Amino acid sequence: MLRAELAQAENVRTMSDRSRQKSVRKAEGPVSTGREQRPAEAAAAPTGQTGDLLPLYRDLLEARGRLEEEVHRRTLALATLAHEIKNPLAIVSGYVELLLTQKVGPLTERQQNILAETRANCLRLQKFAQEFLAYSSLAMGKASTTLRLESGGLSACLSEVCGYWMDKFSEKGVALYFRANAEIPPFLFDYHKVQQVVSNLLENSLKFTPAGRAVWLTAEPHVWERRGRMGVPPQAERRSGSSGGANMVQVTVSDSGKGIAPEFHLEVFDDFFRVPGDESETQGAGLGLAIARRLIQMHGGKIWVESEPGVGSRFCFLLPMQHA
């Protein structure tokens, strides 16, 4: 009898001790082995890494701010320099032209050659100044670079540009072809800025197209399917882009020149970039295509190049057909 009571008391005490130990473990949290701590450590690691990355992120932001400020200062310096040399260059060019007419006196053949070379270099510097001024205006977001959208005919705009370049193409012996497209209705675009883009593209084509070959300027309606909109399935987007007909106009300048290697198809639109090996043939600052890219992007369009070395290049850009 006594033994039974003692055994029952021992069982009660053992159960009480186990209950108390469970309560202590519950209060202290689960006891984990080394293997079980790895997920917890892995979960805590990103928080520590994020904390470590914050100073680096701040440093990157500060470095970007300093770089943007430096670019702004240099762009302003270039614009100031271009503005200061523009007028003196115009005066020098005027006197050179006057001397070449021989109205102030006869010239020897050597003197004529020297003056002709001086005139060519003056024109080159004037082009530098014009490109720097245009680039700085776009880079600094000046009011002079805002679009003046007016409803007009693109064919008339392009025909006028071709008329300006026709003599230069004839002098080199390169044919320039353009046919107006009656299928393009009037739409909103900046007349003079589109002409500036086309002029830059025609100038590049003329530089790299040998005599006896041709350059083609075309314009045609185009459907641009914008892919990447959030929440719109590709099938629905494709249907929405094609159901209403053409929503863009594609302008293309095609030449039969030396072409551009594929690795430079994107870089040719960067600031101050010139294709390696073409430095002797180009006299600009490498800003013509960069300016064209900015002007087309201001319209909400896109510009690209399709080219193959030894075959030629096709510079294309899209303009949205916005209606008043």
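This briefing covers the fold, the core, the cysteines and two loop residues of the structure above. The model is predicted. The protein chain has 324 residues, and buried residues make up 32% of them. Its secondary structure comes to 7 helices and 7 strands.

**Fold and surface**
- Starting at the N terminus, the elements run α-α-α-β-α-β-β-α-β-α-β-α-β-β.
- Take the contacts between residues at least 6 apart in sequence: 75% of them join residues at least 24 apart.
- The chain exposes an accessible surface of about 20,700 Å². Carbon and sulfur atoms account for 56% of that surface.

**Nonpolar core**
- The largest nonpolar core holds 49 residues.
- L154, L202, V268 and F317 have the most contacts inside this core.
- Helix α4, residues 154-172, gives the most to this core, with 7 residues.
- Leaving aside residues up to four places away in sequence, L202 touches V161, W165, F169, L176, V215 and V253.

**Cysteines**
- A search of the whole structure finds 0 disulfides.
- C157 is in no disulfide. The nearest cysteine sulfur belongs to C162 and is 9.8 Å away. A disulfide needs the two sulfur atoms within 2.5 Å, so a pair at that distance does not count.
- C157 is buried, at 0% relative accessible area.
- C122 is also buried, with a relative accessible area of 6%.

**T209, a buried loop residue**
- T209 sits in the loop between α5 (191-208) and β4 (214-222).
- Its relative accessible area is 0%, so T209 counts as buried.
- A polar atom of the T209 side chain lies 2.6 Å from the backbone oxygen of S205.
- Beyond residues up to four places away in sequence, T209 touches K172, V174, A214, V215, D255, S256 and G257.
- V215 appears in the contact lists of both T209 and the core residue L202.

**L147, a partly exposed loop residue**
- L147 is found in the loop between α3 (109-140) and β1 (150-152).
- Its relative accessibility is 23%, so L147 counts as partly exposed. The cut-off for buried is under 20%.
- L147 and M298 are 151 residues apart along the chain, yet 7.4 Å separates their C-alpha atoms.
- M298 is also one of the residues that L147 touches. The others are D190, K193 and H299, not counting residues up to four places away in sequence.

Terms used. Residues numbered from 1 in each chain as written. Predicted model: local features only at pLDDT ≥ 70, side-chain atom pairs only at ≥ 80, totals over all residues. Heavy atoms only, no water. Buried < 20%, exposed > 50% of the residue type's maximum accessible area, 1.4 Å probe, protein only. Helix = DSSP H or I, 4+ residues; strand = E, 2+ residues; numbered from the N terminus. Contact = heavy atoms within 4.5 Å. Core = buried A, V, L, I, M, F, W, Y, C linked by side-chain atoms within 4.5 Å. Polar contact = N/O pair within 3.5 Å; in protein donor to acceptor, adjacent residues only side chain to side chain. Areas by Shrake-Rupley, 256 points an atom, 1.4 Å probe, with all protein chains shown as cover.
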